[in-house]
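Work through the exercises below with the sequence and the model open. Each task is followed by a solution in steps.

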Amino acid sequence: MSDLDVQIPTAFDPFADANAEDSGAGAKEYVHIRIQQRNGRKSLTTVQGLKKEFSYNKILKDLKKVFCCNGTVVQDPELGQVIQLQGDQRKNVSTFLVQAGIVKKDNIKIHGF
């Protein structure tokens with residue numbers, strides 16, 4: 001009886017791959033572009049999820065120059081650094097990030113109404 005190889009089933013965790021810290025290059029790192037409504041017709045576009053090795057201030061400077069709007073980089077405790085731009089710039093930001101080679105088109109998620 002000791003020669004039998006019996007496999008005891010273990011608990012299967014379907015989210016084990018998603019929770020792995022070192023998932024490597026196969027993981028999808030999405031850049032989220034959102035719009036937040038302020039008061040009246042005013043709105044705010046936020047960009048989060050860019051890689052940490054990029055200079056957020058240089059990207060912001062180019063975005064502000066190209067789209068003729070104001071913006072800032074905000075440090076959020078949960079999300080890290082987030083770029084905020086005035087107005088609805090979702091389409092503009094997504095095309096800019098793809099053309100500049102910062103992010104691939106497949107890795108961009110656009111949220112909002």
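**Exercise 1. Helix α2 and its surroundings**

In which helix does K61 lie? Place K61, then N57, and state whether each is buried or exposed.

Solution. The model is predicted: local features need pLDDT of at least 70, side-chain atom pairs count only at pLDDT 80 or more, and totals for chains, interfaces and linings use all residues. Residues are numbered from 1 along each chain as its sequence is written, and side-chain values use heavy atoms, with hydrogens and water left out.

Step 1. K61 lies in helix α2, residues 56-67. Helices (H or I, at least four residues) and strands (E, at least two) are DSSP runs, numbered from the N terminus.

Step 2. K61 has a relative accessible area of 62% and is therefore exposed. The classes are buried (under 20% relative accessible area), exposed (over 50%) and partly exposed (in between), with a 1.4 Å probe and protein chains only.

Step 3. N57 is also found in helix α2. Its relative accessible area is 56%, so N57 is exposed.

Step 4. From N57 to V73, 16 residues along the chain, the C-alpha separation is 7.0 Å.

**Exercise 2. From the loop into β3**

Which residue other than glycine has a positive phi near 55 degrees? Locate this residue, then describe T72.

Solution.

Step 1. The residue is C68, whose phi is near 55 degrees.

Step 2. C68 belongs to the loop between α2 and β3. Its relative accessibility is 72%, so C68 counts as exposed.

Step 3. T72 lies in strand β3. Because its relative accessibility is 36%, T72 counts as partly exposed.

Step 4. Setting aside neighbours within four places in sequence, T72 is in contact (heavy atoms within 4.5 Å) with L60, V82, I83 and Q84.

Step 5. T72 and K61, eleven residues apart in sequence, have C-alpha atoms 9.1 Å apart.

**Exercise 3. Strand pairing**

Which strands does β4 join through bridges, and in what sense do they run? Then treat β1 in the same manner.

Solution. Two strands pair if DSSP finds at least two bridges between them.

Step 1. β3 (residues 71-76) runs antiparallel to β4, with six bridges between them. A hairpin of three residues connects β3 to β4.

Step 2. Within this pairing, L85 of β4 is the bridge partner of G71, and Q84 of β4 stands opposite T72.

Step 3. On β2 (residues 43-48), four bridges lead to β4 (residues 80-86), again in the antiparallel sense. T45 stands opposite L85 in β4. L85 thus appears in two pairs, with G71 and with T45.

Step 4. β1 and β2 are antiparallel and share six bridges. Q36 has L44 in β2 as its bridge partner. The hairpin of β1 and β2 has five residues between the strands, and G40 there takes a positive phi near 70 degrees.

Step 5. β1 (residues 31-37) pairs with β5 (residues 108-110) in the parallel sense over three bridges. V31 has I108 in β5 as its bridge partner.

Step 6. A general point for inspecting the sheet: in a regular strand the side chains alternate between the two faces.

**Exercise 4. The whole chain**

How many helices and strands are there in the protein chain, and what pattern does the chain follow? Add the figures for burial, contacts and surface.

Solution.

Step 1. The protein chain has three helices and five strands. Along the sequence the pattern is α-β-β-α-β-β-α-β.

Step 2. Of the 113 residues, 28% are buried.

Step 3. Among contacts between residues at least 6 apart in sequence, 50% join residues at least 24 apart.

Step 4. The accessible surface is about 8900 Å², and 49% of this belongs to carbon and sulfur atoms. The areas come from the Shrake-Rupley method with a 1.4 Å probe; for residues, only the protein chains shown count as cover.

**Exercise 5. The largest pocket**

Which residues lie nearest the centre of the largest pocket? Give the classes of its lining as well.

Solution.

Step 1. A pocket is found on a 1 Å grid over the protein atoms alone, as an open set of points where a 1.4 Å probe fits, with protein on both sides within 12 Å along at least five of seven lines; lining residues have an atom within 4 Å of a point.

Step 2. Q48, G49, L50, K52 and L79 lie nearest the centre, out of 15 lining residues.

Step 3. The lining has four nonpolar, six polar and five charged residues. Ala, Val, Leu, Ile, Met, Phe, Trp, Tyr, Cys and Pro count as nonpolar, Asp, Glu, Lys and Arg as charged, and the others, Gly among them, as polar.
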